[in-house]
Amino acid sequence: MNILITGGNGQVGFELQRQFAPLGTILAPTRHELDLTSAEAIDAYLQQHQPSLLLNAAAYTAVDNAESEPEQAKRLNAELPAQLAEYAAKQDIPLVHYSTDYVYPGNGETPWQEDSPTGPLSVYGQTKLEGDESVVKSGASYLIFRTSWVYAARGNNFMKTMLRLGRERDALNIVNDQIGAPTPARLIAQITALSCTIHHSPFTIHIPPGIYHLAPNGETSWHGFASEIFNQARKAGQPLAITPEKTAGILTSEYPTPAQRPLNSRMALGKLENALGITLPTWQSQLALTLIEHLES
Ligand SMILES: NC(=O)C1=CN([C@@H]2O[C@H](COP(=O)(O)OP(=O)(O)OC[C@H]3O[C@@H](n4cnc5c(N)ncnc54)[C@H](OP(=O)(O)O)[C@@H]3O)[C@@H](O)[C@H]2O)C=CC1
Ligand SMILES: Cc1cn([C@H]2C[C@H](O)[C@@H](COP(=O)(O)OP(=O)(O)O[C@H]3O[C@@H](C)C(=O)[C@@H](O)[C@H]3O)O2)c(=O)[nH]c1=O
């Protein structure tokens, strides 16, 4: 049984490969083996390999660059999921797709529900929303996991950037007015596997199709996340130049970037917890696991 993982070398895709390896034959083409900007190449690949499950972890995730490369972002974030969803509907196979807190407008302090009005502030958020909308209306059996602030033991992410800067610098300014939940890619892959029941054939999704928020419990700012990274790293014996007093919280307006980020990225988790009958872990406990994995790698 072939499981296609697009973006298999990314943070989430890599963890999906680990989780799903015992469940079937993993197809995780690199960008040299399958150019995801080519609809023709994707069609040919699908015809050749006939996957029974699609896990779409490919995306254009460079939030600031997307502002100057909107066509590229649209191809990966909007048109690719639309094409995969159309195929999934036609073949009657499930599609799991990943989305983001950046589809929400970021105002207020109330956690977003899955059916809250969207209002992306950036090209990245807008193109991701277009992808979600295509999947929803495709008629495919789908799950969309909207997650936030993804990091992992490997890949490019905020945790690894902070560990590097914490060793190199003795002072850092980090925004403290964007609030959300840092989510390890490993947790995303574990929840994805938990949501798919494997019969002999075909794969089925065993929670109701739809959009689900997927993040750990609790909330913090990027400054709070960085401070916890430094605390936990220090306890694990890492030599850091940075000190808590020199890790200053600043406003988003003091850290100008090409793309606007939402201030409120709080996402309600009840829909997923109820569907799976679980309580999601806290972001601090998930950081401990991911940090140790990184330090031991
Ligand atoms: N990162 C984050 O903070 C968040 C991510 N998400 C969503 O989660 C999902 C996974 O994100 P994440 O794992 O962090 O993403 P990564 O940036 O780590 O990985 C993206 C993957 O997409 C692949 N890719 C991008 N462009 C192309 C292309 N033209 N052809 C072939 N492959 C391509 C990359 O290939 P290559 O390895 O060759 O570069 C990479 O494997 C995405 O849908 C993202 O929007 C949601 C919230 C937060
Ligand atoms: C390195 C650094 C970043 N920052 C801020 C900038 C930004 O607001 C925040 C996080 O930086 P990043 O560049 O990791 O942020 P960003 O790339 O916007 O992260 C987002 O990626 C996309 C793909 C998503 O879907 C989102 O959920 C979110 O994870 O930290 C500082 O304040 N000080 C610093 O020294």
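**Briefing: fold, core and two ligand shells**

Trp149 is buried, because 22 other C-beta atoms lie within 10 Å of its own and the threshold for buried is 20 or more. Trp149 sits in the loop between β5 (142-147) and β6 (150-151). Its phi is positive, about 50 degrees, although Trp149 is not a glycine. The model is predicted. The protein has 297 residues, with 10 helices and 14 strands. Two ligand shells are described below, after the overall shape and the core.

**Overall shape**

- The radius of gyration is 19 Å, which agrees with the value near 19 Å for a compact globule of 297 residues.
- Along the principal axes, the C-alpha atoms fill a box of roughly 55 × 40 × 35 Å.
- Buried residues account for 44% of the 297 residues.
- Take the contacts between residues at least 6 apart in sequence: 79% of them join residues at least 24 apart.

**Nonpolar core**

- In soluble globular proteins, nonpolar side chains tend to be buried together.
- Here the largest nonpolar core has 75 residues.
- Leu55, Ala88, Leu95 and Ile229 have the most contacts inside this core.
- Helix α4 (residues 70-91) gives the most to the core, with 7 residues.
- Beyond its neighbours within four places in sequence, Ile229 is in contact with Met159, Met162, Leu163, Leu287 and Leu291.

**Shell around ligand 1**

- Ligand 1 is surrounded by 25 residues.
- The closest are Gly7, Gly10, Arg31, Ala59 and Val150.
- Two elements give two or more residues each: α1 (11-20) and β4 (95-100).
- The largest share, 3 residues, comes from α1.
- By class, the shell has 11 nonpolar, 11 polar and 3 charged residues.

**Shell around ligand 2**

- Ligand 2 is surrounded by 18 residues.
- Thr61, Thr100, Ile174, Val175 and Trp222 are the closest.
- The elements giving two or more residues to this shell are α6 (158-168) and β7 (172-175).
- β7 gives the most, with 4 residues.
- The class split is 10 nonpolar, 6 polar and 2 charged.

**Loop residues**

- Asp92 lies in the loop between α4 and β4.
- Most residues other than glycine have a negative phi.
- Asp92 departs from this with a positive phi near 60 degrees.
- Asp92 is exposed because 10 other C-beta atoms lie within 10 Å, and the limit for exposed is 12 or fewer.
- Gln113 is found in the loop between β4 and α5 (123-136).
- Gln113 has 14 other C-beta atoms within 10 Å, so it counts as partly exposed.
- Gln113 and Val96 are 17 residues apart along the chain, and their C-alpha atoms are separated by 19 Å.
- Ala236 is placed in the loop between α8 (222-235) and β14 (247-250).
- Ala236 is also partly exposed, with 13 C-beta neighbours inside 10 Å.
- Leaving aside neighbours within four places in sequence, Ala236 is in contact with Leu291, Ile292 and Leu295.
- Ala236 and Ala288 are 52 residues apart along the chain, with 9.6 Å between their C-alpha atoms.
- Leu291 appears in the contact list of Ala236 and in that of Ile229.

Note on methods. Residues numbered from 1 in each chain as written. Chains lettered and ligands numbered in written order. Predicted model: local features only at pLDDT ≥ 70, side-chain atom pairs only at ≥ 80, totals over all residues. Near = placed C-beta within 6 Å. Nonpolar A, V, L, I, M, F, W, Y, C, P; charged D, E, K, R; others polar. Rg over C-alpha atoms; globule rule 2.2 N^0.38 Å. Contact = placed C-beta atoms within 7 Å. Core = buried A, V, L, I, M, F, W, Y, C linked by C-beta atoms within 7 Å.
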